[in-house]
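Visitor: Please take one part of this structure and give me a close look at it, setting it against the rest of the chain where that helps. I would like the reasoning spelled out, with cut-offs wherever a step depends on one.

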Amino acid sequence: MVSPVLANVYLHFALDLWFEKVVKAHCKGAAMIIRYADDFVCAFQYRGEAKWFFEMLPDRLGKFGLSVAPEKTGMMRFSRFHPSRSRRIVFLGFETYWTYDQDGEVRVMQRTARKKLQSACRRIKDWIKRNRHLKGIKFITALNRRLHGHYNYYSVVGNSKSLWKFYSWAVECAFKWLNRRGGKRRSFTWKVFLSAIERLGIAKPKLPVSTKRHRVFS
């Protein structure tokens with residue numbers, strides 16, 4: 001088994017340099033690669049050149065003792081001329097897709113990948129359950145650190161629904177498990193709880209302002 005660090009070094013030679021020196025030279029259209037560690041996305045202007053790369057990639061990686069993950073590898077049309085949420089790229093915790101914005105313009109948008117959101121919700125629930133013994137401001141301060149960590153990574157234009165879903169889930173879990181401290185089934189009402197967390201200052205999502213710039217070629 002190849003370690004992550006060694007695989008990253010291999011990929012610099014096996015993939016990055018090969019893409020720049022060989023793949024781009026083969027292509028008549030635009031071509032680009034975005035890689036982080038062993039995750040990468042490649043984009044091509046022409047379908048035929050994308051297909052050629054897709055077929056060549058396993059052999060190229062195989063020369064370095066590496067292989068693609070079949071469940072994460074595939075080809076799709078990703079173009080502003082064919083906007084669709086079903087045609088989405090899952091990369092680094094985000095789903096990226098072309099769609100219409102509020103003004104009816106076609107834009108590249110992102111949202112939290114569904115599996116990542118589900119995983120984040122499980123983690124925050126488990127943390128709340130384990131730390132519900134903390135009192136008042138100590139609990140909110142510790143919870144806010146985790147909420148801010150999630151927001152800081154996933155706060156991108158168009159992702160408000162996923163962020164608020166995570167926030168709402170955290171609030172609901174806090175209400176449920178704080179109400180069970182000391183073996184009690186309920187120690188306060190929903191109205192009292194919301195008033196308390198509003199006063200203590202639970203962190204809410206804040207999204208950046210849209211610049212309406214397309215960052216990928218189509």
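Guide: A residue is called buried when its relative accessible area is under 20%, exposed when that area is over 50%, and partly exposed in between. Thr-99 has a relative accessibility of 14% and therefore counts as buried; this residue belongs to strand β4, and, leaving aside residues up to four places away in sequence, Thr-99 touches Pro-83, Arg-85, Glu-105, Val-106, Arg-107 and Met-109. Everything that follows is read from a predicted model.

Before turning to the part itself, it helps to place it in the chain. The protein chain has six helices and five strands, which follow one another from the N terminus in the order α-β-β-α-β-β-β-α-α-α-α. Of its 218 residues, 34% count as buried, and among contacts with a separation of 6 or more, 51% join residues 24 or more positions apart.

The part I would choose is helix α4, together with the two helices α3 and α5. Helix α4 covers residues 136-154, and its 19 residues, at 1.5 Å a residue, should span 27 Å; the end C-alpha atoms are 27 Å apart, so the model agrees with that expectation. The buried residues of α4 are Phe-139, Ile-140, Ala-142, Leu-143, Asn-144, Leu-147, His-150, Tyr-151 and Tyr-154. As a background point, an α-helix has 3.6 residues a turn, so residues three or four places apart point the same way. The buried residues of α4 pack against two strands, β4 (94-100) and β5 (106-112), and against the helices α3, α5 and α6 (190-200), and the strand β4 in that list is the one that holds Thr-99.

Consider α3 beside α4. Their axes come within 11 Å and cross at roughly 170°, an angle over 145 degrees, and the two helices are therefore roughly antiparallel to each other. On the α3 side, this contact is made by Lys-116, Ala-120, Ile-124, Trp-127, Ile-128 and Asn-131, and on the α4 side by Phe-139, Ala-142, Leu-143, Arg-146, His-150 and Tyr-154. Sorted by class, the residues of the contact of α3 with α4 are eight nonpolar, two polar and two charged. One of the α3 residues here, Asn-131, has 17% relative accessibility and so counts as buried; although Asn-131 and Trp-177 are 46 residues apart along the chain, their C-alpha atoms are separated by 9.3 Å.

Next comes α4 beside α5. These two pack at an angle of about 160°, with their axes 11 Å apart, which makes α4 roughly antiparallel to α5, and their crossing is right-handed. From α4, Phe-139, Leu-147, His-150, Tyr-151 and Tyr-154 meet Leu-163, Phe-166, Tyr-167, Ala-170, Ala-174 and Leu-178 of α5. The contact of α4 with α5 has ten nonpolar residues, one polar residue and no charged ones. Phe-139, His-150 and Tyr-154 are among the α4 residues named in this contact and among those named in the contact with α3.

The remaining pair is α3 (residues 114-131) and α5 (residues 160-178), whose axes come within 9 Å and cross at roughly 25°. That angle is under 35 degrees, and α3 and α5 are therefore roughly parallel to each other; their crossing is right-handed. In α3, Leu-117, Ala-120, Cys-121, Ile-124, Lys-125, Ile-128 and Lys-129 meet Ser-162, Lys-165, Phe-166, Trp-169, Ala-170, Cys-173, Ala-174 and Trp-177 in α5. By class, the residues of the contact of α3 with α5 are eleven nonpolar, one polar and three charged.

For contrast, a few loop positions elsewhere in the chain can be set beside these buried residues. Ser-67, in the loop between α2 (47-62) and β3 (84-91), has a relative accessible area of 64% and is therefore exposed; the C-alpha atoms of Ser-67 and Leu-57, ten residues apart along the chain, are separated by 8.8 Å. Ala-37 lies in the loop between β1 (31-36) and β2 (39-44) and, at 37% relative accessibility, counts as partly exposed, while its phi is near 55°, a positive value in a residue other than glycine. Leu-92, in the loop between β3 and β4, likewise has phi near 55°, and its relative accessibility of 32% makes it partly exposed.

Conventions: Residues numbered from 1 in each chain as written. Predicted model: local features only at pLDDT ≥ 70, side-chain atom pairs only at ≥ 80, totals over all residues. Heavy atoms only, no water. Axes fitted to C-alpha atoms, helices over the stretch in contact; angles between N-to-C directions. Helix = DSSP H or I, 4+ residues; strand = E, 2+ residues; numbered from the N terminus. Parallel < 35°, antiparallel > 145°, perpendicular 65-115°, else oblique. Left-handed = near helix turned anticlockwise from the far one by under 90°. Contact = heavy atoms within 4.5 Å. Nonpolar A, V, L, I, M, F, W, Y, C, P; charged D, E, K, R; others polar. Expected span 1.5 Å × (residues − 1). Buried < 20%, exposed > 50% of the residue type's maximum accessible area, 1.4 Å probe, protein only.
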